[in-house]
Amino acid sequence: MKKQARAILVCLCLLLLLPLLTPCARAAELDEILSFEVTVDVNRDATLRMRYHIDWLVLDSKSEGPLTWVKIGIPNSRYVSMTPLSSAVKKISYTSDGGSYARIDLDRAYKAGEVAQIEFELVQDYMYQVDASAEGETVYSFTPSWFDNIRVDELTVRWNSDKALDALPGCENSGGYYTWTGSLGKGERFTVTVSYPNDAYDFDLSKSAEEGDDDDGVLVTIFFLAVLLWIAFTVFNVIRAIISLFTSTANFSDGTKTKITRTKVVYWPECQGCGAPRPDGANNCAYCGRSFIKSEEVIKEQDIPREEKDLRGKKTDGLYRYSSQPNTYMRVHVTHVPVSHSSGSSSRGARSSCAHSSCACACACACAGGGRAGCSTKDFYNTHLKLRQLEQKRGS
């Protein structure tokens with residue numbers, strides 16, 4: 001009787017901790033961003049007047065309900081004003097739930113097949129670095145909001161070129177604006193930098209990236225990081241103790257199995273945005289940022305043509321060329337999935353415990369804050385910790 005009660009208790013504990021033990025289920029595609037445009041003008045006081053326009057298509061309004069609000073990432077908390085410009089924006093407010101965001105409450109609930117046209121204006125401060133790359137030059141660096149679980153079909157960034165010295169990556173200067181266009185996959189980011197002479201605007205040295213530290217913000221951030229590490233350490237020890245107890249009680253042992261995902265990738269031979277040829281190994285154009293990928297398709301080993309016999313034996317991570325089809329490759333990704341299996345005979349009571357049951361619980365794979373959230377956390381220019389103290393800059 002005691003053994004059965006013990007097994008039931010272990011089962012309940014494992015069910016509660018299952019979201020921590022298992023990887024997140026692949027999130028369904030709820031939305032698609034048809035168009036994401038940001039137009040930037042520099043004010044006399046060196047703040048940025050940024051006009052956002054987003055055409056947000058709802059794909060699924062049943063899994064998590066209709067679309068009623070979204071979060072759009074902004075560079076930092078030092079904004080001056082946020083103003084709605086389209087009728088779809090009922091209310092706009094700042095939120096710091098997991099980063100710096102503009103929370104957009106929509107005028108109504110948008111269902112599958114409907115497009116919410118979101119437009120607002122943001123005046124943003126603390127966006128430049130004085131003498132950043134060269135003495136006498138001030139540089140702005142801007143990464144528009146990115147979306148971990150949503151594709152952006154068309155991204156356009158326009159930056160007023162008046163008084164500017166240079167802009168990267170290379171782009172066209174049309175109608176007085178540097179203009180970059182492209183598309184973004186889930187989680188992809190795109191960064192632009194524009195440099196000016198130090199006397200072009202009223203740049204304030206105290207607002208530059210090297211001088212704008214917020215000591216209180218640093219201390220608060222360090223405190224929360226320490227708390228998170230302590231929680232993670234405690235959870236790890238609890239999980240290890242529970243797993244050890246479970247394996248000794250139910251006579252089960254843990255292991256892993258290898259899972260190989262093969263994806264057929266077809267590339268455009270040249271950029272569909274600016275016409276630049278695709279270098280070997282490149283996924284995005286170095287000049288305009290547009291993706292070279294024409295199509296991607298997950299395939300099975302039996303789907304590989306017979307003439308591509310060399311590809312059938314590939315079982316390590318890498319990108320392998322099709323010999324019979326131009327600009328075509330197979331991307332191989334290998335993961336190790338945990339499994340449980342019986343290491344010997346056990347009683348009916350033990351076999352009816354959690355080891356063979358399934359849990360219909362949902363894992364929160366969306367951005368912090370839940371709902372239809374906008375982008376991942378980011379904090380530029382020392383509003384709290386410097387970005388380079390937390391992560392290495394993602395390569396272009």
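**Exercise 1. Find the order of the strands in the open sheet of 4 strands, and its edges.**

Step 1. The 4 strands are ordered β8-β9-β14-β11, and their pairing is antiparallel. Strands and helices are DSSP runs, numbered from the N terminus (strands: E, at least two residues; helices: H or I, at least four). Two strands pair if DSSP finds at least two bridges between them.

Step 2. Look for strands that pair on one side only. These are the edge strands, β8 (128-130) and β11 (166-168).

Step 3. Check the twist. On average, neighbouring strands of this sheet are turned by 20 degrees against each other, direction ignored. Axes here are lines fitted to C-alpha atoms, for helices over the stretch in contact, and angles run from 0 to 180 degrees between N-to-C directions.

Step 4. Zoom in on one pair. β8 and β9 (residues 137-142) run antiparallel and are joined by 3 bridges. Tyrosine 128 stands opposite tyrosine 140 of β9.

The model is predicted: local features need pLDDT of at least 70, side-chain atom pairs count only at pLDDT 80 or more, and totals for chains, interfaces and linings use all residues. Residues are numbered from 1 along each chain as its sequence is written, and side-chain values use heavy atoms, with hydrogens and water left out.

**Exercise 2. Describe the open sheet of 3 strands.**

Step 1. The order is β3-β6-β5, with antiparallel pairing.

Step 2. β3 (67-73) and β5 (89-95) are the edge strands, each pairing on one side only.

Step 3. Neighbouring strands of this sheet are turned by 20 degrees against each other on average, direction ignored.

Step 4. Between β3 and β6 (residues 101-110) there are 6 bridges, in the antiparallel sense. Leucine 67 stands opposite tyrosine 110 in β6.

**Exercise 3. Place glutamate 121 among its partners.**

Step 1. Start with the strand. Glutamate 121 lies in β7 (residues 115-124). Of the 10 residues of β7, 8 are buried. Buried means under 20% relative accessible area, exposed over 50%, and partly exposed in between (1.4 Å probe, protein chains only).

Step 2. List the strand neighbours. β2 runs antiparallel to β7 and is joined to it by 10 bridges. β4 (residues 79-84) is also antiparallel to β7, with 5 bridges.

Step 3. Find the opposite residues. Arginine 51 stands opposite glutamate 121. Threonine 83 stands opposite glutamate 121 too.

Step 4. Add the salt bridge. Arginine 49 and glutamate 121 meet through their side chains at 3.0 Å, N to O. A salt bridge is a side-chain nitrogen of Lys or Arg within 4 Å of a carboxyl oxygen of Asp or Glu. This pair links β2 to β7, 72 residues apart. Arginine 49 is partly exposed, at 34% relative accessibility.

**Exercise 4. Which parts of the chain do the salt bridges of glutamate 29 and arginine 44 tie together?**

Step 1. Count first. The whole structure holds 12 salt bridges.

Step 2. Take glutamate 29. Its salt bridge with lysine 186 spans 3.1 Å, N to O. Glutamate 29 is in the loop between α1 (2-21) and β1 (31-42), and lysine 186 in the loop between β13 (177-184) and β14 (192-197), so the pair ties together parts 157 residues apart in sequence. Glutamate 29 is partly exposed at 32%, and lysine 186 is partly exposed at 36%.

Step 3. Widen the view. Glu29, Glu32, Arg151 and Lys186 are linked in a network of salt bridges.

Step 4. Take arginine 44. Its partner is aspartate 202, with the closest N and O atoms 3.4 Å apart. Arginine 44 sits in the loop between β1 and β2, and aspartate 202 in the loop between β14 and α2, so parts 158 residues apart in sequence are tied together. Arginine 44 is partly exposed, at 45% relative accessibility. Aspartate 202 is partly exposed, also at 45%.

**Exercise 5. Sort nonpolar residues into core and surface.**

Step 1. The largest nonpolar core has 51 residues; Trp56, Ile104, Ile118, Tyr140, Trp159 and Tyr196 touch the most other members. A nonpolar core is a set of buried Ala, Val, Leu, Ile, Met, Phe, Trp, Tyr and Cys residues joined through side-chain atoms within 4.5 Å.

Step 2. Strand β2 (residues 48-58) gives the most to this core, 6 residues.

Step 3. A second, separate core has 9 residues, including Val265, Cys271, Cys288 and Phe292.

Step 4. Turn to helix α2 (residues 215-250), which holds tryptophan 230. Tryptophan 230 is exposed, at 58% relative accessible area.

How values were computed. Patch = residues over 30% accessible without salt bridge, like charges linked within 9 Å, V, L, I, M, F, W, Y side chains within 5 Å. Areas by Shrake-Rupley, 256 points an atom, 1.4 Å probe, with all protein chains shown as cover.
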